[in-house]
Amino acid sequence: MQIHVDGPQVRRFREARGWSQEHLAEAAGISLRTVQRIERGGTAARESLMALAAVFGVDLAALTVDAEARAVATGRGNSSRDLARLRLSVLIHLAGYLFGMLLFGAIGLGTGDASVMRWPTLWWTVAMAGHGLVLAVVALVSRHREPGPA
């Protein structure tokens with residue numbers, strides 16, 4: 001069974017002892033390629049990790065990646081990125097809306113009847129308000145879903 005390894009942590013343990021990758025491989029009884037793959041954050045067999053944990057004198061969990069914590073961090077990053085994209089879409093919509101309102105005003109003045117653009121103006125305003133409301137709700141929900149500092 002392959003286990004996800006915290007490669008940077010293995011490297012920190014090795015460098016704290018002043019060991020080369022070759023020395024670590026020899027001390028743990030594993031190949032140099034395995035040490036290199038592990039330090040790149042790849043996967044490793046349980047036996048290889050147990051050997052490294054024994055050499056470092058740490059628990060096996062100290063060398064593995066907490067999958068749940070990684071998923072939460074990834075989800076939080078995606079959530080904030082999605083919120084930023086939604087904000088950008090609202091700003092783009094707002095810019096188009098403002099330009100459209102100027103254009104509708106000019107058409108109304110050009111025809112001499114200001115009410116000619118009343119319905120397009122009304123519906124575009126409703127759409128803009130709806131888009132802004134979606135942003136407000138998503139921002140509010142995402143703020144309340146994120147856990148506090150641990």
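In this predicted model, helix α3, which spans residues 32–39, buries Thr34, Val35, Ile38 and Glu39. Viewed down the axis of α3, these buried residues fall within an arc of 130°, so they line one face of the helix. A general point of geometry helps here: with 3.6 residues a turn in an α-helix, residues three or four places apart point the same way. The partners of that face come from several parts of the chain: the buried residues of α3 pack against α1 (7–16), α2 (21–28), β2 (43–45) and α4 (46–56). Following α3 comes Gly41, with a positive phi near 90°.

Helix α4 can be described in the same terms. Its buried residues are Ser48, Leu49, Ala51, Leu52, Ala53 and Phe56, and they pack against β1 (2–4), α1, α2, α3 and β2. Just after α4, a glycine again has a positive phi, here Gly57 at about 70°.

Charged side chains add a further link between α1 and α3. The general background is simple: side chains of opposite charge can pair when their charged atoms come close. A search of the whole structure returns 5 salt bridges. One of them joins Glu15 and Arg11, at 3.8 Å from N to O. Glu15 and Arg11 are 4 residues apart in helix α1, which puts about one helical turn between them. Arg11 also meets Glu39 in a salt bridge, with an N to O distance of 3.4 Å. Since Arg11 belongs to helix α1 and Glu39 to helix α3, this pair ties together parts that are 28 residues apart in sequence. Glu39 has another partner in Arg14, the closest N and O atoms of this salt bridge being 2.5 Å apart. Here too the pair runs from helix α1, which holds Arg14, to helix α3, which holds Glu39, and so ties together parts 25 residues apart in sequence. Through shared partners, the salt bridges join Arg11, Arg14, Glu15 and Glu39 into one network.

The members of this network are not all covered to an equal degree, as the accessibilities of three of them show. Arg14 is buried, at a relative accessible area of 7%, and Glu39 counts as buried at 7% relative accessibility. Arg11, by contrast, is partly exposed, with a value of 37%.

Farther along the chain, attention turns to the surface. There, Phe99, Leu103, Ile107 and Val116 make up a nonpolar patch, with about 360 Å² of accessible area together. Val116 sits in the loop between α5 (67–111) and α6 (118–145), and this residue is partly exposed, at 41% relative accessible area.

These local features belong to a protein with 6 helices and 2 strands, arranged along the sequence in the pattern β-α-α-α-β-α-α-α. Of its 150 residues, 27% count as buried. The accessible surface amounts to about 10,000 Å², and carbon and sulfur atoms account for 63% of this area. Among contacts between residues at least 6 apart in sequence, 65% join residues at least 24 apart.

As for confidence, the mean pLDDT of the protein is 87, and 88% of the residues score at least 70. Among the elements, α2 has the highest mean pLDDT, 95, and β1 the lowest, 79. As a friendly reminder, where pLDDT is low, the predicted coordinates should not be read in detail.

Methods
Residues numbered from 1 in each chain as written. Predicted model: local features only at pLDDT ≥ 70, side-chain atom pairs only at ≥ 80, totals over all residues. Heavy atoms only, no water. Buried < 20%, exposed > 50% of the residue type's maximum accessible area, 1.4 Å probe, protein only. Arc of directions from axis to C-beta. Contact = heavy atoms within 4.5 Å. Patch = residues over 30% accessible without salt bridge, like charges linked within 9 Å, V, L, I, M, F, W, Y side chains within 5 Å. Areas by Shrake-Rupley, 256 points an atom, 1.4 Å probe, with all protein chains shown as cover. Salt bridge = Lys/Arg side-chain N within 4 Å of Asp/Glu carboxyl O. pLDDT = per-residue confidence, 0-100.
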